[in-house]
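Trainee: I would be grateful for a close look at a single part of this model, set within an account of the whole chain.

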Amino acid sequence: QVQLVESGGGLVQAGGSLRLSCVASERTFSDYAAGWFRQAPGKEREFVASISWSSSSTTYADSVKGRFTISRDNAKRTVNLQMNSLKPEDTAVYYCQLGSSGSRLRVRYWGQGTQVTVSS
């Protein structure tokens, strides 16, 4: 069982930046694709970004392309999400995950989530 712990959420004004980090408890972290989903109040959890196990491939939701950047460090068992030019519609709980390159059905492990709030 892999445990994922996110950090870096908070309150920021529109146009600002935040960096989310997620650390995994097991070395098997490097075996999986990794990434982030988010869930806003009253909405379904949606895909944000993913990165392959080797970092050779990244995928982004259209809504965040050009603003968010995903990266990982397998030696440190971490996956990060740099979020720039934040908008109020980015407000959500952000969840780290292992296993999926995009489909929620393929997620093997979830973190507990970290709140991101963007004020206008």
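How many positive and how many negative side chains does the chain have, and how far apart do the centres of the two sets lie? With that in place, please turn to R38: in which strand is the place of this residue, and which residues does R38 touch?

Mentor: The model is a predicted one, and every value below should be read in that light. The chain carries 14 positive and 9 negative side chains. The centre of the positive set and the centre of the negative set are 3 Å apart.

R38 is best approached through its surroundings. Its place is strand 4, which covers residues 34-39. The relative accessibility of R38 is 5%; because buried means under 20%, R38 counts as buried. Two polar contacts are made by this side chain. One, at 2.7 Å, is with the side chain of E46; another, at 2.9 Å, joins R38 to the side chain of Y94. E46 and Y94 both recur in the list of residues that R38 touches once those up to four places away in sequence are set aside. That list reads E44, R45, E46, V48, S63, V64, F68, E89, D90, A92, V93 and Y94. Among these, Y94 belongs to the stretch 92-98 that forms strand 9, while F68 falls in strand 7, residues 68-73.

Strand 4 also holds W36. With a relative accessible area of 0%, W36 is buried. The C-alpha atoms of W36 and W110 are 9.3 Å apart in space, although 74 residues separate the two in sequence.

From W36 the description leads to Q97, a residue of strand 9. Q97 is likewise buried, with a relative accessible area of 0%. Neighbours within four places in sequence aside, Q97 is in contact with L4, A33, A34, G35, W36, F37, V107, Y109 and W110. W36 and W110 are thus both among the contacts of Q97. The side chain of Q97 also reaches backbone atoms: the backbone nitrogen of G99 at 3.4 Å, and the backbone oxygen of S100, which lies 2.9 Å from a polar atom of that side chain. Q97 and G15, by contrast, are 26 Å apart from C-alpha to C-alpha, with their positions 82 residues apart in sequence.

G99 appears again in connection with D31. D31 is placed in the loop between strand 3 (18-24) and strand 4. Its relative accessibility is 57%, and D31 therefore counts as exposed. Between the C-alpha atoms of D31 and G99 the separation is 8.6 Å, for residues that are 68 apart along the chain.

Y109, already listed among the contacts of Q97, is also in contact with Q1. Q1 lies in the segment before strand 1 (4-7) and is exposed, with a relative accessible area of 75%. Once its neighbours within four places in sequence are left aside, Q1 is in contact with S25, E26 and Y109. For Q1 and E26, 25 residues apart in sequence, the C-alpha distance is 8.0 Å.

Two loop residues deserve mention for their backbone angles. R77, in the loop between strand 7 (68-73) and strand 8 (78-83), has a phi near 60°, a positive value in a residue other than glycine. R77 is partly exposed, its relative accessible area being 27%. S85 sits in the loop between strand 8 and strand 9; its phi is near 50°, again positive in a residue other than glycine. S85 is partly exposed too, at a relative accessible area of 42%.

These parts belong to a chain with eleven strands and zero helices. The radius of gyration is 13 Å, close to the 14 Å that the globule rule gives for 120 residues, so the chain is as compact as a globular protein of that length. The C-alpha trace spans about 40 × 25 × 25 Å along its principal axes. Of the contacts with a separation of 6 or more, 57% are between residues 24 or more positions apart. Of the 120 residues, 43% count as buried. The chain exposes about 6,300 Å², and carbon and sulfur atoms supply 45% of that area.

Definitions and conventions: Residues are numbered from 1 along each chain as its sequence is written. This is a predicted model: local features need pLDDT of at least 70, side-chain atom pairs count only at pLDDT 80 or more; totals for chains, interfaces and linings use all residues. Side-chain values use heavy atoms; hydrogens and water are left out. Helices (H or I, at least four residues) and strands (E, at least two) are DSSP runs, numbered from the N terminus. Buried means under 20% relative accessible area, exposed over 50%, partly exposed in between (1.4 Å probe, protein chains only). A polar contact is a pair of N or O atoms within 3.5 Å; within protein, one must be able to donate a hydrogen and the other to accept it, and residues adjacent in sequence count only if both atoms are side-chain atoms. Contact means heavy atoms within 4.5 Å. The radius of gyration is taken over C-alpha atoms; the globule rule is 2.2 Å times the number of residues to the power 0.38. Accessible areas come from the Shrake-Rupley method with a 1.4 Å probe; for residues, only the protein chains shown count as cover. Lys and Arg count as positive and Asp and Glu as negative; His and the chain ends are not counted. The place of a charge is taken as NZ of Lys, CZ of Arg, CG of Asp or CD of Glu.
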